[in-house]
Structures are given as structure tokens and as C-alpha cells.
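Please read these points beside the coordinates. They go from two loops to the cores and then to the chain as a whole.

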Amino acid sequence: MTVRPLRRGLWVVAFAGSGVVAAAQAPDSLIVAAARWRSIGPALASGRLSDVVGIPGPSKTLFVAAAAGGVWKSGNNGVTWRPVFDDKRVASMGVLAIAATDTQVIWAGTGEANLRYPSEPGGGVFKSTDGGSSWQLMGLERTERIGRIVVHPKDPNIVYVAALGALYGRTTERGLYKTSDGGKSWVLSKFIDDRTGFVDIAMDPRNPDVLYATSWQVRRTAYSLESGGPGSALWKTENGGRTWTEIVGHGFPTGVKGRIGVAVAPSNPDIVYALTEAARPGTGTTYVPEYHAPFSGLYRSADAGRTWAKTSDYNDRPFYYSQVRVDPRDSERIYFSSSPLQFSVDGGKTSRLAAQGVHIDTHGIWIDPSDPERWAIADDGGFSITFDKGGTFLSPMNLPVAQFYHVGLDNAVPYRVCAGAQDNGVLCGPSRRKSGSTTNADWSLEQGGDMAYAIPDPSDPQVWYTESTSGMLTRLNLQTGEATTARKPHWEARYQWWEDSIATVRGNPLAPAPKAVIDAIKMLRVRQHQDSLDLDIRFGWDA
């Protein structure tokens, strides 16, 4: 039988009875009905979480949203968890929000807004009124991805939802939505166009009619990401979303923008932070991402968004992070997520690592409003929490939500299972033990990084062939630890061959080049350029 990955760990199927023979035809429905699933793990790598929220202390209740594993609840600060969303026909989660006036009311936005290739669409917005024990679909089913949910601090029936929309195509099912009746009906508060959705919202706690929201024009193809465009912007309303005004200039970037994260300081709501992906002014209407772009970074306003100053250049891979949070009691202490997570005590002028020894790629940050020493993060490696403001962290590897791309079996007895996980390497473990169920101790990490395929050599169960992102192949010996990489086809080798030819034709680089040599080099450059185009193989993330 084949092994198939589910959203929570790996499962294998066993048949009641004996004598089952693999056949080319589809399995008999009676055989399928008799199949029993048993969990074989693992949870030692956890997996990508998109958000974390909690109830203020002294409560120890926390909720996490998994990128492809539903919603989980803990009543003991993450020591143990239980799934609370498994009866729904959607596993991809975006964000969570808890009503301040009634912590039994919890909102869940499905569909992940951190747009890696393995980002899956959701199925609308859900609401729980009993602390996560049961959930009701509240609409917006076709919005696909929810970037943020904000609940009114005094009226839990007023809720704002930032809906990003479809990733691979145009749709009008996106924008900023508002409900005033607890989700029974929705109003489209702000719509940009069929390529632009909304990804973040922040509310002024002093005046809940004042909100900041960010729109993001984005599209993926099978081999590329188009992040940014004229639709991306930072917006402000002062009347509860009836009208919106774009924030531009006065220190805020005027060029084409990409993803923007926004936060308001609870202790001083005039202070607003915007982690902004921005192009150079005058570059047209198409945003071309560039590392360490001079206009990308963290911007700070001290007058409720009227004027701005850039305080940090740090903004790595905005499409995957762009999270910023402010300490509830200190408007200058901020946490902002590039990779790795940063924190600053002077509004971003200086920053350093916020979470030593914790998995990078942070997507969710929750700070306890009653105790800022206690804050938690959700990242590609799972969940971590600190009780001393980031001095030390508890990172329990107890959430079986790893995203396995492919699963392989060898011919050993009992057979071994290996699988490639998103940003959690190749994990291998036994299909069963002599007695008892498999545990985390039976599993091992054989190769790190973003891994996809893990295929055994049929003649040697110790040899596996693995594939990481974009077609990087490795021959891995599990017994010796030897790893040999295979160089994939690439334009660079041929490009260098042409460089050698050009150097030969040029001769002495210190001597003036005759016109005939210059013309010959131009012809070689043309052929070099064409060769590079012909050999530029566009590998997908999972090739």
C-alpha cells in the first residue's frame, strides 16, 4: 500500500484480514471501507504555524492556527495541545482573533496569507462562542485567504476581516470586510481591484473607529511571485470604515509598494508602525523586489499617520513575514518579523535577535496585554513561548502538523518511512515497533532544510534519494551519513564557457582592443545571452 500524508503527522493504512495483493485496478470499495488508519507520527519537528493568540493572564489558554493543520488549543501554555477544528472540511488556517469582552468568542480566518508555494486556500471565516469547542461558518467562503481579523474592543459583534483573495488568478472575492452583527451579514468596506486584496489591519484602542489597513497586490505563477503593484497601499479610516484615505508621502514611501504590516502602540495610539515593502520612486507601476531595497523597511509615525520616519532597513522577504507588534506598555519596544525575528527598544533605530535558539520564519506573534513578559510566536518550526520577555523560550515539539510533500517506503522489514517536510527536513521512522506505538524517539532528522521527495534505493534500504527546493538532488546514506549532491542543469556553466572564449578573443586586457575584436566580442555576448535564456530551466518549488 502507499502511505499518504494527512495534515497531522503521518498515517498508514492497515487492512482487516489478510491476503491483500496490490493490483493495477482501483481497490475494491469493501476493502477500502475495512481500512483502519493508525498514526505513526512524528511531532518532533512540529510544522508551520500561521498564527498564535491567547487569553490574558492569569489564564494559560492559547490557540494556534496551523498552515495546513487546523486549530489547536492549549490550557497550559503549550505543554499539551488538542485539535479543535478537525470536524471542518478545511485544514489551511490564516489567523485567529479573540474578543476582549468575551474570551469565549473566537474568530478563525481560513486560508494562509504567507504566500510560499505550499500555501493553501481556505474556506471562509468561522466563529466559536464556546471557547473553541464548536465552530460555525460565518461566510466569506470564496475569499480563499485571510490575513487579519480585528474585533472591536467593546462590541464583539463588530469585526473587520482582511481578505487577500485568490493567489493564482483574478477575483472580486477579496477586500476589507466588516460585520456589525457578529457575522450574520458582511459589508465590503474597501475594495481595490480584482488583483488586490487586504492583508493586515490595526485598530486604535483609544478610538475603535480609527483603523489602519494594508492592501496587497500579489500573484503567483508556477515558477514566480509577483509581489506588489499600484494596488498595494496603507490606508486609514476615522469613521469605522465608511471611507478610507491612502497614506502616502510625508516621509512614507511614494513608489510602488508590496506587502505592508501595520501596528498601533496600545500605550500611545498616536505611534504607528508600518513594515513596508517599497520600490524606488519613479520605477513605473510594476514592483520589482530587490534585497536590501533602500525604501523597504520599518516606518514609524508619532502623529497617527500624518508624518513618517524610516527607523530600520531590515525587511527580509516581506511576502513571507511582514509582522510587527508593539509591547502593550512600551511604545518603543517592538517585535517585527523578517528572518530571523527582530526586536527593538528604540522604535526600530537599533534591533537584534528576539528569539535565540528558536526556529526562524515567524508568522504569528502574540504578546499578553496583562503581562508583556509572556509572549508567544508561531513559525515554520511550530510554537514557542517566553515568560521572561525573550530571555529564554519553551519550544515543545508536540504538534504533529508538519507539511509533508511526499512520502517514501523502503523494502526493509519492518519497512521504514521517510518524508520531506516543509522547512523541517527529511524525517525517517519505522512503520511499526515490535510492541507499542511509534513515538518521537523512533524518528530521526536525516537532512535539514525545505525538503520534498524522499525515495529509497530498491536494492539498498540505507540509500535514499532526496530532493529539496527547486530540484536540488541528494544521494543520502542513512547508515554512514554520507550525502552526495547532484548538480542540476543550469545556465551558469555554459555562461562561464562563453566568458573563457571572450577572454581568449580579447587577449591582453590592458591593451586597446581593435574594432574587429570589439565586434567579435559583441557577437559572442549575443550568443552567450541566448544560451543563458535557452538553459534557464524554471524549476518549481517542488520539482
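**Notes on the chain**

1. Pro 42 sits in the loop that runs between β3 (35–41) and β4 (49–54). The peptide bond leading into this proline, from Gly 41 to Pro 42, is cis, with omega near -5°. Strands here are DSSP runs of E of at least two residues, helices are runs of H or I of at least four residues, and both are numbered from the N terminus. The model is predicted: local features need pLDDT of at least 70 and side-chain atom pairs count only at pLDDT 80 or more, while totals for chains, interfaces and linings use all residues. Residues are numbered from 1 along each chain as its sequence is written, and side-chain values use heavy atoms, with hydrogens and water left out.

2. The loop between β3 and β4 also holds Ser 46. Ser 46 is not a glycine, yet its phi is positive, at about 50°. Is Ser 46 buried or exposed? Ser 46 counts as buried because its relative accessibility is 1%. (Buried means under 20% relative accessible area, exposed over 50%, and partly exposed in between, with a 1.4 Å probe and protein chains only.)

3. A second cis peptide bond to check joins Val 413 to Pro 414, with omega near -5°. Pro 414 belongs to the loop between β32 (404–409) and β33 (416–421).

4. Ser 322 also has a positive phi, of about 60°, although it is not a glycine. Its place is the loop between β24 (309–312) and β25 (323–326). With a relative accessibility of 1%, Ser 322 counts as buried.

5. Which residues of the largest nonpolar core touch the most other members? They are Leu 49, Val 64, Val 71, Trp 135, Phe 383 and Leu 399, in a core of 29 residues. Two or more residues each come from β4, β5 (62–66), β6 (71–74), β8 (93–98), β9 (106–110), β30 (375–379) and β31 (382–386). The largest share, five residues, is given by β5. (A nonpolar core is a set of buried Ala, Val, Leu, Ile, Met, Phe, Trp, Tyr and Cys residues joined through side-chain atoms within 4.5 Å.)

6. Leu 49 touches, among others, Val 64, Ala 65, His 363, Asp 379, Phe 383, Leu 399 and Val 401, leaving out residues up to four places away in sequence. Contact means heavy atoms within 4.5 Å. Apart from this core lies another, of 16 residues, including Val 105, Leu 140, Ala 163 and Tyr 177.

7. Arg 374 is in the loop between β29 (362–367) and β30. Arg 374 counts as buried because its relative accessibility is 4%. Its C-alpha atom is 6.5 Å from that of Asp 388, and the two residues are 14 residues apart along the chain.

8. For the whole chain, there are three helices and 39 strands. Of the 543 residues, 53% count as buried. Among contacts between residues at least 6 apart in sequence, 51% join residues at least 24 apart. The C-alpha trace spans about 85 × 65 × 45 Å along its principal axes.

9. The radius of gyration is 26 Å, which agrees with the value near 24 Å for a compact globule of 543 residues. (The radius is taken over C-alpha atoms, and the globule rule is 2.2 Å times the number of residues to the power 0.38.)
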